[in-house]
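Let's take a walk through this model and see how its parts meet. Have the coordinates open as you read.

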Amino acid sequence: MALHTPSSPHTHGDASVSRLMVEVLLSLLPGLAVLLWLFGWGPLLNLAIAMAVALCCEAAMLWLRARPILPSLSDGSAAVTAALLALSLPPLAPWWLTAVGIAFALVFAKHLYGGLGYNPFNPAMIGYTVLLISFPREMTQWLPPGGDHLGLVHTASFVFTGAPPPGPGIDSLSAATPLDSLKTQLGLMRTITEIMADNPIFGALGGAGWQWVNAAYLLGGLALLARRVISWQIPVAMLGGLAMTALCFYAYDPDTYASPLFHLFSGAAMLGAFFIATDPVTASTTARGRLVYGAGIGIIAYVIRTWGGYPDGVAFGVLLMNMAVPTIDYYTQPRVFGEQPPS
Amino acid sequence: MTEAAPSLWEFPGGLHLAARKEQSAASPARDCPLPEELVLPLQQHIGEPAEPVIKVGQRVLGGELLARAEGYVSLPVHASTSGVVVAIEERPVPHPSGLPAPCIVVAVDGEDAFVEPRPRSDFRQMDPSGLRNMIRDAGISGMGGAGFPTFIKLNPGARQPVDALVVNGAECEPYITCDDVLMREQAAEIVAGIHIVRHALGAKACIVGIEDNKPEALEAMRRATAGTDIRVVQVPTIYPTGGEKQLIRVLTGKEVPSQGLPAHVGLVCQNVATVAAVHRAVLHGEALTSRLVTVAGDGVDAPGNLRVRLGTPVETLLQACDARRESLDRVLMGGPMMGFALHDLAAPVVKTSNCILALTTEEAEPEVAPRPCIRCGECARVCPARLLPQQLYWHARAKEFDKTQDHHLFDCIECGCCAYVCPSHIPLVHYYRYAKTEIWAEERIKERADLARRRYEFRLQRIEREKLERQRKHQEKRAVLKKQPAEEGKKLAIQEAIARARAKRAGRGAADGTAASQPSTDKTES
């Protein structure tokens, strides 16, 4: 009788990488639903294109690197990258935009660094940033939330061929995001009260519609927290960093600086806090380090939103803090049990 | 002494595991049949192997000394039943490596005759060192953990006063119930042992910690300690509360220093089974020759707790519990978290064997190919030593052993919590053992190299010293010879004169004598 003699422990919890990834994908569903409600079929099409390209790129890279393809494909990490990038893109982004972004994310930001677990930068945010810098026009063509949507066929034909839909032209379909218009209008020396009074794209919390997107991501994020897929430190610190910085400036001059609530419910705040910054591979791993890391992203996002050249700064915040992770981890090692606290 | 819920502390991390203790805890302990052959490893515990004092072919009684302790950290080995010594040879022993080790093999005669016990009841008149010697001579080592010789733990040194004895009845690993059953059935013996150990330590207080999934044991211990100042405390069931440092933290709030001993915070921790063995050794004069062993797992049809003679092959225990051989995937010694898989079922039960776990293929963790670490940090969240397991893994894998030590590798207690929660199924503990072994090996090589270097340096020094010695002697000689012209010149002149006179008297025959004095004259002139 041949007995197995593996090393202890001989029992294991039910956690697995695939399960974690599936939980993340499921928790994105409320956000996706609100996007579909507000912007029509576009986000779903983006998601489908991103998933397809992601699976192809992942398989191709694994094959090139002579790694087992099926086990790695099934871990779901490529799908999560695809989903996070797709949900960050404008609803009517041309297909090649999505494809270029996701291909860059997986080939350059992930596999050239050694694949899952070895990439220092968040692949989805690298993809997003590459697109934002290379194709700024396509990346800022958002639809006004709500209103009449294009049908699936027209959306698809626009996304794949660029054929303008019948009726009003694409220009009337596109609009700046609330963060973008706020920045433009502030540049025209108007006060926030004036800007928000005559523009229907601003809502009670953040931008009209956008606040619901953020609320939906918040809901999904809370589910992730409740199911212990992510720990509380990064989201709390990031939202706290963003809100506290916003509060300081808002208290100083509420006509030039938007309220903390506006910042929390605009742009990629909630998606970033619960889904992007919490990517374990590229985030800090110590409890205290995660607080520093999250707060850093929140503060950088605020600084870029307020004074930088881009309407939102979550992606840059994540990438900049990714760089700082080794240092943060080094200086935030926990006190080992039984070690005397430094006196 | 029953009391209202006392305030307890928490240790970092830990896990809530499915206890699975009902399998073996349901029935009272029963006797394991005597095996045909006892296999008694000369090294059963930490320290030096014992030295055999019997010869092959000799008949021995139960409790008879077979091998005496060699050195300080060493314990004697006793026969656990009567029979004839048939061999002293290498046999399979319970060790993760699966390597055989020297053992005394006794063919059991079935009479089960024992040496005359020497009971005594006056332990309070004995001084601690006398008690420690008795405990040492009975061959008692820790029966819950690594098996460190008990008499050494009872000797923390004169400068280290012991405030309290902590008795470990936590038994936190799944499946294992031998301490539970012992506390339910032999609480009085445990309490008697506690009195002896306290006397040996001079411990002012005593706390017994029992996890709250053993209400019967708790009740039995509370009844047995009624009227004494021993505190029996219920502690929450969190793996690994049964770890010495963790239990001390929970019960007293004290943190045993990193890489230090409980004695450094004025505490000594003993397992309940060890304490019961101390009672038998001191009050009954009996050596440690048997222990309770839990046999559990879906691979046995009749799980339970067996009173097993030390040296009984695991095979015998499995037969006694109706093991279904064909369904076994692996057989563990110890629990599912820290136990190790046996390579050979002929390996014997030793003093530290608290559990034999027969796992079926369905029950055992299937071997999953590990995926890359995604740095999720779950391992750090559950680590009871508050380490960063993923960093340790990273450095161990890269063979950066100095960095693993910077990350406190040697504070790892190998409890397995990190590997249990790892979503990538990485055998983390395996990497830590590997790193520790490599570091120990490196240290041994370094020690040897140091020794060789010291020898070489010593040789150089000796050569240098001898050279200097020679030079010194040389110079002394020269100095002596340089002085000679002044004093010895006169002497020589006188001698020469005498010699010439003699030569004259002796005639030509004495010419050689003058010739012989010639060279010395030359020397003085040079």
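**Where the two domains meet**

Between domain 1 of chain A and domain 2 of chain A, the rule picks up 1 salt bridge across the interface. Keep in mind that this is a predicted model. If you want to look at a salt bridge, pull up E23(A) and R227(A): their side chains meet in one, at 2.7 Å, N to O. The interface also has 3 residue pairs in polar contact, with both residues at pLDDT 80 or more.

Now zoom out. The domain assignment splits chain A into domain 1 (18–173) and domain 2 (177–331), and the contact draws on 32 residues from domain 1 of chain A and 27 residues from domain 2 of chain A. Their C-alpha centres lie 21 Å apart. Together the two domains bury about 2500 Å², and carbon and sulfur atoms give 77% of that. On the domain 1 side, S27(A), N122(A) and M125(A) supply 19% of the area buried against domain 2 of chain A, more than any other three residues.

Which helices of domain 1 of chain A each supply at least two residues to the side that touches domain 2 of chain A? They are α1 (17–27), α2 (29–39), α5 (77–88) and α7 of chain A. By class, that side of domain 1 of chain A has 23 nonpolar, 8 polar and 1 charged residues.

Let's stay with α7 for a moment. This helix covers residues 123–134 of chain A and includes L132(A). L132(A) is buried, because its relative accessible area is 8%, under the 20% cut-off. Beyond its neighbours within four places in sequence, L132(A) is in contact with M139(A), Y310(A) and F316(A).

Definitions and conventions. Residues numbered from 1 in each chain as written. Chains lettered and ligands numbered in written order. Predicted model: local features only at pLDDT ≥ 70, side-chain atom pairs only at ≥ 80, totals over all residues. Heavy atoms only, no water. Helix = DSSP H or I, 4+ residues; strand = E, 2+ residues; numbered from the N terminus. Buried < 20%, exposed > 50% of the residue type's maximum accessible area, 1.4 Å probe, protein only. Contact = heavy atoms within 4.5 Å. Domains from an automatic or database assignment. Buried area = accessible area lost by both parts, 1.4 Å probe. Salt bridge = Lys/Arg side-chain N within 4 Å of Asp/Glu carboxyl O. Polar contact = N/O pair within 3.5 Å; in protein donor to acceptor, adjacent residues only side chain to side chain. Nonpolar A, V, L, I, M, F, W, Y, C, P; charged D, E, K, R; others polar.
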